[in-house]
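Let's take a walk through this model together, one spot at a time. Have the sequence and the 3D view open as you read.

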Amino acid sequence: IQTFLCPLDQRRGVPSPGEVILKHLEPFRLSLEKLKEVSTRLRKDMIRGLGKHTHHRAAVKMLPTFVRATPDGTEKGDFLALDLGGTNFRVLHVRVMEEEQKMVKMDSQLCAIPQEIMLGTGEQLFDHIAACLSEFLDSQNLKGQTLPMGFTFSFPCEQKEIDKSILIRWTKGFNCSGVEGEDVVKLLKEAIHRRGDYDISSVAMVNDTVGTMMSCGYRDQTCEIGMIIGTGTNACYMEEMKNVKRVEGEDGQMCINTEWGGFGDDGSLEDILTEFDKVVDRTSINPGVHTFEKMISGMYLGEIVRLVLMKLTEKKLLFKGEVSEALRTKETFETKFISMIEDGLENAKKILTELGLTWDLVDARVVRLVCETISSRSARLCAAALATIVDRIRANRGLPHLKTTVGVDGTVYKKHPKMQLSMHFLAPDCKIKFLVSEDGSGKGAAMVTAVAQRLALQSRLLEESDGEEDEEEKVRS
């Protein structure tokens, strides 16, 4: 940028190209005060989402997951995990070993879902899943066992219990009839029952964010937050039951799926949306929805950079004002280019050449600056949101300081760890450790099932103990 600062232009009082570029990037640079303001707005939205009479109009939905505890390290056994979230689904066999306190993925199988099944009936879909599950059990010699299952179903659902989840709407190209408004666990069990060649003992529904928290929670029992920053973004955390007004009960905790990607859908982030954010939203498949996600997640960051580069080129501040066909085409600037360019100018030169652009060294440096600016905004906004959750946990427990672990997954986090730098300033009373999830949607689903079984066993033993005490009391009487 310094090479743009022409002394002649400055003497004439004319802004240099470098100053004009910085002015275009200024809306992406959020001050610490503005980030704290964003955090305050999210805090209010979270409270609204938890409320019995306010959740229906909250942008941040704060969905109860009915996961009532994190792992304590005593879980053990063999579990199945079913991960359905796209045109393929996975079946896994996971073994949890208490003695070594680790989870081992014994084996897994990937199954395709043909287009005609994606658009067919719900019965066809679940029959196909049940058939693939049968094949997998045969290959693993597990047909004689009745194993519990964790079911990661990555579509918008309203969870009623750990084993009851109602599909709100299909996304990702699915449109199976007879499923929306129905309990997907019930449909799966019915399909398995129709086959009659195997059975499963129980099914626990799992959101992928919850799976991330739970898979990390087995390795580190202080983990009580799960966060994903990849193609999309979301977070979950352990909330005090007394604050979860939509579910009966005051004791203990429950994991809440925040669905924070919708933060700002009510206009609360209007003052920090740039002209480029508004174009990305307007041209997306879901305008007006997932405002926060569109500002920070991998599906959109590359497109924001492309729009900024287009604007600077049209202003003749880049590439001598010549726009290539590739740069003019939507979504050609992939989000992975951002981290590649940030890693070094050689990568920037290669990518700009592949995009058909005529560049010089100054152009490459400006493109790198644009990438750094937009990825930094993503990291800082995510830090502000995470700081809100961490500080809420601390306040809920009346602690002056909180030490906790965040289970995290997603390529955007792995490639852009700048978020951690902002946390110290945004949550000064909290010490946070980040733990990268290993297969949260698979192993995490199995762990949710393992924890649910542990809690059920503890409840049963407690009831038996209470029953014995009642008998003793009768004898004494």
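In which loop is Y198 found? Before answering, keep in mind that this is a predicted model. Y198 sits in the loop that runs between helix 6 (184-195) and strand 8 (200-206). Being in a loop doesn't put Y198 out in the open here: with a relative accessibility of 7%, Y198 counts as buried, because the cut-off for buried is under 20%.

So what does Y198 touch, once its neighbours within four places in sequence are set aside? The contacts are A130, L133, S134, L137, K143 and I192. With A130 there's a polar link to look at: a polar atom of the Y198 side chain lies 2.8 Å from the backbone oxygen of A130. G144 is worth a glance too, since its C-alpha is 7.5 Å from that of Y198 although 54 residues separate the two in sequence.

Now zoom out to the domains. The domain assignment splits the chain into domain 1 (17-65 + 221-437) and domain 2 (77-206), with 31 Å between their C-alpha centres. How many residues of each are in contact with the other? It's 4 from domain 1 and 4 from domain 2. About 290 Å² is buried between the two domains, and carbon and sulfur atoms give 30% of that. On the domain 1 side, P64, T65 and Q221 supply 72% of the area buried against domain 2, more than any other three residues. The domain 1 residues that touch domain 2 divide into 2 nonpolar and 2 polar, with no charged ones. Across this interface there are 0 salt bridges, and the count of residue pairs in polar contact is 1.

Salt bridges do turn up elsewhere, and the count comes to 28. As background, side chains of opposite charge can pair when their charged atoms come close. Start with E158 and K160, whose side chains meet at 3.2 Å, N to O. E158 is partly exposed at 35% relative accessible area, and K160 is partly exposed at 37%.

Next, try D220 and K433, a salt bridge with its closest N and O atoms 3.2 Å apart. This pair links distant parts of the chain, 213 residues apart: D220 is in the loop between helix 7 (208-219) and strand 9 (223-229), while K433 is in strand 13 (residues 430-436). D220 counts as buried at 12% relative accessibility, whereas K433 is partly exposed at 45%.

Then there's E239 with R392, a salt bridge at 2.6 Å, N to O. Why does this pair tie together parts that are 153 residues apart in sequence? Because E239 lies in strand 10 (residues 233-240) and R392 lies in helix 14 (residues 361-396). E239 counts as buried, at 0% relative accessibility, and R392 counts as buried as well, at 14%. Salt bridges with shared partners also join K34, E37, R41 and D271 into one network.

Finish at S284, in the loop between helix 8 (275-282) and helix 9 (291-296). Is S284 buried or exposed? S284 is buried, with a relative accessible area of 15%. Its side chain has a polar atom 2.7 Å from the backbone oxygen of D281, and a polar contact of 3.0 Å joins the side chain of S284 to that of K294.

Key: Residues numbered from 1 in each chain as written. Predicted model: local features only at pLDDT ≥ 70, side-chain atom pairs only at ≥ 80, totals over all residues. Heavy atoms only, no water. Domains from an automatic or database assignment. Contact = heavy atoms within 4.5 Å. Buried area = accessible area lost by both parts, 1.4 Å probe. Salt bridge = Lys/Arg side-chain N within 4 Å of Asp/Glu carboxyl O. Polar contact = N/O pair within 3.5 Å; in protein donor to acceptor, adjacent residues only side chain to side chain. Nonpolar A, V, L, I, M, F, W, Y, C, P; charged D, E, K, R; others polar. Helix = DSSP H or I, 4+ residues; strand = E, 2+ residues; numbered from the N terminus. Buried < 20%, exposed > 50% of the residue type's maximum accessible area, 1.4 Å probe, protein only.
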